[in-house]
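Student: I would like a close look at a single part of this protein. Please take me through it step by step.

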Amino acid sequence: MWRDLLPLGRHPATHGYRRFAWTGVDGDCRAWFEEQAAARGLRYEVDRNGNQWAWLGDPAAGDAVVTGSHLDSVPDGGAFDGPLGVVSAFAALDELRGRDARFTRSLGIVNFGDEEGARFGLACVGSRLTAGQLTREQAHRLTDGDGVTLPRAMEAAGYDPDAIGPDPERLARIGAFVELHVEQGRALDLSGDRVGIASAIWPHGRWRFDFRGEANHAGTTRLADRRDPMLSYAETVLAARREAELAGAVATFGKIAVEPNGVNAIPSLVRGWLDSRAADQDSLDAVVADVEKAAGEYAAAHGVDLAVVRESFTPVVEFDHALRDELARILGTDTGLTVPVLGTGAGHDAGILSGSVPTAMLFVRNPTGVSHSPAESATEDDCVAGVLALADVLEGLACR
Ligand code: GLV
Ligand code: MN
Ligand code: MN
C-alpha cells in the first residue's frame, strides 16, 4: 500500500506531499482507496459530502465500528499524517481476516475529504459537513487562492456540490469511530511507547489578519511618509509569540499573502493567518484577544487599517471516556502494559465526529515529533505495532 501511495502528489524537489482537496492528485488518492476496497471485496460508497467508505457487512445494520482517517495533506506534508490511519485500517482488516475473526458488527473504513483545509482554508470540511457543523451555504462560499470556489472544484472533480450537507442517518449507523494517527509530538518517544491513546484535543482556530496600507515606491518614499502594513504585521507576529508564551499556548503565523508583492514596492496589503491553540478555552480566548489588541495598536501607529476575521474554530474535544477505557483494557489485556493516554494540539476528523459518535484515537510513535513537514516519520516496526493495536481494538469492539 505504501509503495502505491508513495509517488502520489510528492513534489520532486521538496519530497513533501501536495495532496489538496478535489485536485487530480486527490483523485489519484481516492482511486487508490477504491482499489483497496475492491481488492478486499468490501462494499464501496461515496457519501453526499464526498467522503469514501469501504464496508465489511451491512452499513445500514447500525452500531457499526468505523476506522480510518484522511489522504489529503498540508502543503509539503509528510507521508504519514492521514494515510497512516487509512493504510493501517486496511492492514488491520487483513490481520483480522488472517486471525479468522468473526465479526458481529459491521466494519467501515473511511477516508474523510479535505481534512487539512490546505486549499480552502477550513479544516475537516468532509466531517464537518457530515456532522452538521458546516452548512452547505458556508461551504459554497469557500474559495481557494486562485479564486476557485469549493462547489466549482467539486464539480470539476466529478462530484455534486448541491448534494452536500448534514448526514445524520449515516452517523447514526456508527457505534464507535477509532482513528489511528501518527503522533505529532514526542510524548511517545519520550515515554518509550510505540502506541498511545488520545485523551483530548486542544481548542483551536484560524484567524485572518488584513493589514491595509498604501503601495508606494521603495526607493523614493520617505520612511516618515509610508503607511507600510508589513511593519505592523511583523510586530504582530512577535506579539503572537509573546502572548502564546505567557499563556502556555501556541500561536503561529504560517501563511502570508502580500500585495502587490514586489521587491521594490511598499505593500498595500499584508494578509497573515494566525493559527492558535491552547489547553483550555479561556487561555485561547485571551491569547487571540491580546494579539488582536496589539495588532490594532501597531496598525494605528503606522497609519494602517486592520480587519480580523475568524475563519474557523474547533472547541475542546474530550474523547469518550468509556470507549477510551475500553481501548486501554483491550490493549493492556495481552501485554499487561499500561498504554499512555495523551492530549494533542492537532485537529482531527475524530474530534469533529466526537460530538455525534463515541470516538477514540490511537497514536503511533513519531521519533522526531516532526509533522506537517516532509521530515515526518515513523519506523516500520512502530507502524506494524500500530496496525496490530488497531486490529486488537477492532477485534475487541466488533467481534464480541
Ligand atoms: C490538522 O492537522 C491540524 O491540526 O491543523
Ligand atoms: Mn495534519
Ligand atoms: Mn491528520
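Which residues are the protein donors of the manganese ion (ligand 3)?

Tutor: The model is a predicted one. In it, the manganese ion (ligand 3) takes its protein donors from three residues: His-70 through NE2, Asp-81 through OD and His-181 through NE2. These donors lie 2.0 to 2.2 Å from the ion. Along the chain they follow the spacing H-x10-D-x99-H. His-70 belongs to strand β3 (residues 64-70), whereas Asp-81, 11 residues apart from His-70, is in the loop between β3 and α3 (83-98).

Burial can be checked for two of these donors. His-70 counts as buried because its relative accessibility is 0%, under the 20% limit. Asp-81 has a relative accessibility of 6%, so Asp-81 counts as buried as well.

Asp-81 also leads to the second metal. This residue bridges the manganese ion (ligand 3) and the manganese ion (ligand 2), and the two ions lie 3.6 Å apart. For the manganese ion (ligand 2), the protein donors are Asp-81 (OD), Glu-116 (OE), listed twice, and His-372 (NE2). Their distances from the manganese ion (ligand 2) run from 2.0 to 2.7 Å. The sequence spacing of the donor residues here is D-x34-E-x255-H. Glu-116 and His-372 come from distant parts of the chain, 256 residues apart. Glu-116 sits in the loop between β4 (107-112) and α4 (125-130), and His-372 sits in the loop between β15 (359-364) and α13 (380-398).

The burial of these two donors can be set out in turn. Glu-116 has a relative accessibility of 7% and therefore counts as buried. His-372, at 41% relative accessibility, counts as partly exposed because that value falls between the 20% and 50% limits.

The wider setting is the domain layout. The protein is divided into domain 1, made of residues 2-202 and 316-398, and domain 2, made of residues 204-314. The C-alpha centres of the two domains are 33 Å apart. Their contact draws 13 residues from domain 1 and 11 residues from domain 2. Interface size is often expressed as the accessible area lost when the parts come together. Domain 1 and domain 2 bury about 980 Å² between them, with 46% of that area on carbon and sulfur atoms. On the domain 1 side, Gly-121, Trp-202 and Val-316 lose the most area to domain 2, together accounting for 52% of what that side buries. Between the domains there are 0 salt bridges, while 5 residue pairs are in polar contact.

Two other loop positions can be added. Ser-106 lies in the loop between α3 and β4. At 8% relative accessible area, Ser-106 is buried. Its side chain reaches the backbone oxygen of Asp-58 at 2.7 Å. Leaving aside neighbours within four places in sequence, the contacts of Ser-106 include Trp-55, Leu-56, Gly-57, Pro-59 and Val-65. Gly-262 lies in the loop between β9 (250-259) and β10 (265-266). With a relative accessible area of 30%, Gly-262 is partly exposed. The C-alpha atoms of Gly-262 and His-217 are separated by 10.0 Å, with the two residues 45 apart along the chain.

To return to the metals: Asp-81 coordinates both manganese ions, ligand 2 and ligand 3.

Notes:
Residues numbered from 1 in each chain as written. Chains lettered and ligands numbered in written order. Predicted model: local features only at pLDDT ≥ 70, side-chain atom pairs only at ≥ 80, totals over all residues. Heavy atoms only, no water. Donors = N, O, S within 2.8 Å, 3.2 Å for Na, K, Ca; no water. Helix = DSSP H or I, 4+ residues; strand = E, 2+ residues; numbered from the N terminus. Buried < 20%, exposed > 50% of the residue type's maximum accessible area, 1.4 Å probe, protein only. Domains from an automatic or database assignment. Contact = heavy atoms within 4.5 Å. Buried area = accessible area lost by both parts, 1.4 Å probe. Salt bridge = Lys/Arg side-chain N within 4 Å of Asp/Glu carboxyl O. Polar contact = N/O pair within 3.5 Å; in protein donor to acceptor, adjacent residues only side chain to side chain.
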